[in-house]
Amino acid sequence: MTGVAAESDRPQMSVHDRQRRPASGQSVGELRPVRLGRLVLPVPVILAPMAGITNSAYRQVCREQAELGSGGRRPAGLFTCEMVTAAGLAQRIPKTLAMLKPDPSDPIRSVQLYGVEPVTISRAVTVCGDLGVDHIDLNFGCPVPKVTRKGGGGVLPWKLDRFQAILKAAVRAAEPYDLPVTLKTRIGIDPGHETLLDVGRIAQDCGIAAITLHARTVAQAYSGTADWQRIGELVATVDLPVFGNGDVWEVEDARRLVAETGCAGVAIGRGCLGRPWLFRDLAAAWTEASADHGQAIRFDDPAGAQSDLVVSSAAGRVIPDLASDQSVCAETESADSLRGDTTSTKTADGSLGSAVGATDRVRPTLGEVVSMVRRHAELLVDHFGHEAHAMADLRKHMGWYFKGFPLGGDRRLALSLITSIADIDRLTADLDLTLPYPDDAQDGPRGRQGTARDKVVMPYGWLDSRTLDGDLVDEVAAVSGG
Ligand SMILES: Cc1cc2nc3c(=O)[nH]c(=O)nc-3n(C[C@H](O)[C@H](O)[C@H](O)COP(=O)(O)O)c2cc1C
């Protein structure tokens with residue numbers, strides 16, 4: 001193997017030195033726009049891909065909230081599709097293709113691919129390019145045994161040659177479409193087998209546009225706390241934008257993550273479960289910070305030149321200069337009532353108000369949460385084309401949406417068993433919709449936590465060398481979770 005040296009061969013930098021180095025030309029801790037190839041993200045906030053969650057309907061409710069926070073300016077974040085198997089796309093399997101269904105008003109169509117074979121990844125990227133996808137993310141973080149057993153997801157970067165070959169194949173296939181390719185990874189397999197800095201260096205050499213680091217190991221899965229210091233280490237090691245990920249539950253966490261690590265942006269997974277309005281807080285924070293820099297929503301090119309936020313896709317779609325995009329703003333405003341524009345924020349003195357500021361959190365009343373659930377439900381019916389399937393998907397969100405509200409056990413149980421939108425209406429008709437958002441529902445972890453794994457399941461002898469001996473097999477079989 002040539003050109004792929006293990007991290008241990010490279011000079012180490014102290015954490016202190018690393019954190020002093022600014023990310024992507026910006027000062028550490030600044031909330032600034034980020035460029036990914038031809039795309040510009042004025043609000044560098046990513047809805048992290050979540051299998052079984054981030055379908056087009058959920059992405060849309062999150063995006064709509066983000067656009068309220070950004071004052072209607074778009075893109076107000078990057079809303080990534082749930083993980084799609086490259087093998088399924090390469091073979092054009094209808095069920096897999098259906099997972100690419102876009103949120104129709106999203107200016108950036110972002111898709112995450114999973115695969116272990118460069119040729120398959122290359123074909124899948126071509127399929128995405130042909131279908132008008134705007135951004136590809138590659139999954140190198142999945143801890144699910146079904147995936148790691150095949151050498152995929154979070155254990156793949158251990159095999160440096162295969163990892164590099166996949167990145168090269170993806171970037172080459174993306175070139176004709178001018179598609180930026182990013183990747184998402186973890187610290188490594190376990191504390192004795194870290195990969196993050198090798199990943200950073202190889203990604204940079206291969207033309208990857210950005211890295212999202214979930215600051216846990218594969219062995220940790222979702223347990224414990226994310227080690228943000230490792231995000232700072234990666235920031236200081238690469239000249240690529242790094243998106244910090246792990247345990248951002250509030251806008252304050254996002255600010256702290258950026259300030260402590262110098263990361264260019266944040267990726268949010270579990271924190272937005274049942275709270276799509278978290279994106280409204282985040283977009284407001286970044287939008288206000290951009291205005292404070294006197295840039296309105298203009299991108300400050302690292303090279304020094306200012307460029308308008310114009311994003312053109314291979315499919316010929318052009319997103320106009322955001323600062324003057326009246327049509328986008330008008331569209332957002334007209335749909336405000338449906339999208340919960342009356343959502344309240346709690347001001348410093350604890351009273352409820354309608355203004356959203358970068359320092360206030362959105363705190364919807366029970367009625368506004370019910371409206372959000374209904375909106376999500378309708379979009380899911382569009383997504384699945386079948387009300388019962390849509391409600392089956394929505395059921396898992398119910399506990400998150402209504403967390404902390406005094407609904408009573410029977411009603412909670414009934415909400416978790418809905419089969420139609422009429423069920424939602426019936427079960428919420430007699431609620432006191434003026435109830436304020438419960439204080440204790442806002443804070444802290446939600447969603448999957450789990451326990452650490454004693455042993456990460458891997459192909460036989462996987463850890464014995466950093467190069468791949470033998471083959472890996474791409475499979476279409478549904479994989480879930482990252
Ligand atoms: C239900 C669920 C499904 C997930 N699926 C994926 C996935 O398909 N691809 C991926 O890269 N990460 C996946 N993740 C990981 C998240 O993207 C994210 O990295 C992780 O939850 C940590 O971020 P958080 O603390 O903000 O949740 C998943 C997480 C959850 C909870």
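## A crossover at the centre

Strand β11, helix α9 (residues 228-237) and strand β12 make a right-handed β-α-β unit. Right-handed means that, with the strands pointing away from the viewer, the path from the first strand over the helix to the second runs clockwise. Helices (H or I, at least four residues) and strands (E, at least two) are DSSP runs, numbered from the N terminus.

This is a predicted model: local features need pLDDT of at least 70, side-chain atom pairs count only at pLDDT 80 or more, and totals for chains, interfaces and linings use all residues. Residues are numbered from 1 along each chain as its sequence is written.

## The chain and its confidence

The protein chain holds 17 helices and 20 strands. Of its 482 residues, 52% are buried. A residue is buried if 20 or more other C-beta atoms lie within 10 Å of its own, exposed if 12 or fewer, and partly exposed in between; the C-beta atoms are placed from the backbone. Among contacts with a separation of 6 or more, 75% link residues 24 or more positions apart. Two residues are in contact if their C-beta atoms, placed from the backbone, lie within 7 Å.

Confidence varies along the chain. pLDDT is the predictor's confidence in each residue, from 0 to 100. The chain's mean pLDDT is 82, and 77% of its residues reach 70 or more. Over residues 1-26 the pLDDT is below 50; this stretch has 43 contacts in the model beyond near neighbours in sequence. Residues 294-358 also stay under 50, with 109 contacts beyond four places in sequence.

## The open sheet

An open sheet is formed by 9 strands. Their order is β4-β3-β13-β12-β11-β8-β7-β6-β5, and the pairing is parallel. Two strands pair if DSSP finds at least two bridges between them. At the edges stand β4 (78-79) and β5 (84-85); each has a single partner strand, so one side of each is left without a neighbour in the sheet.

Several pairings can be followed in turn. Strand β7 (residues 135-140) joins β8 (residues 181-186) through 5 bridges. There, Phe-140 has Thr-185 as its bridge partner in β8. Next, β8 and β11 pair over 4 bridges, and Arg-186 is matched with His-214 in β11.

## Strands β11, β12 and β13

Strand β11 (residues 211-214) is joined to β12 by 4 bridges and runs parallel with it. Ile-211 has Val-242 as its bridge partner in β12. From β12, 3 bridges lead to the parallel strand β13 (residues 265-268), where Val-266 is the partner of Gly-244. A right-handed β-α-β unit also links these two strands: β12, helix α10 (residues 251-261) and β13.

In a regular strand the side chains alternate between the two faces of the sheet. Both faces of β11 are covered: Ile-211 and Leu-213 are buried on one side, Thr-212 and His-214 on the other. Strand β12 (residues 242-245) is covered on both faces too. Val-242 and Gly-244 are buried on one side, and Phe-243 and Asn-245 on the other.

## The largest nonpolar core

A nonpolar core is a set of buried Ala, Val, Leu, Ile, Met, Phe, Trp, Tyr and Cys residues joined through C-beta atoms within 7 Å. The largest one has 125 residues. Ile-136, Ala-170, Ile-211, Val-242, Val-266 and Leu-282 touch the most other members. Helix α7 (residues 160-174) gives the largest share, 9 residues. At least three residues come from each of domain 1 (21-309) and domain 2 (364-439); domain bounds come from an automatic or database domain assignment.

Beyond four places in sequence, Ile-136 touches residues including Val-111, Leu-113, Ala-170 and Val-181.

## Two buried residues

Lys-184 is found in strand β8. It is buried because 27 other C-beta atoms lie within 10 Å. Leaving aside neighbours within four places in sequence, Lys-184 is in contact with Asp-137, Asn-139, Phe-140, Gly-141, Thr-212 and His-214. Lys-184 and Gly-141 are 43 residues apart along the chain, and their C-alpha atoms are separated by 6.2 Å.

Thr-365 lies in the loop between β20 (361-362) and α13 (366-384). Thr-365 is buried, with 20 other C-beta atoms within 10 Å. Its C-alpha atom is 4.5 Å from that of Pro-436, a residue 71 places away in sequence.
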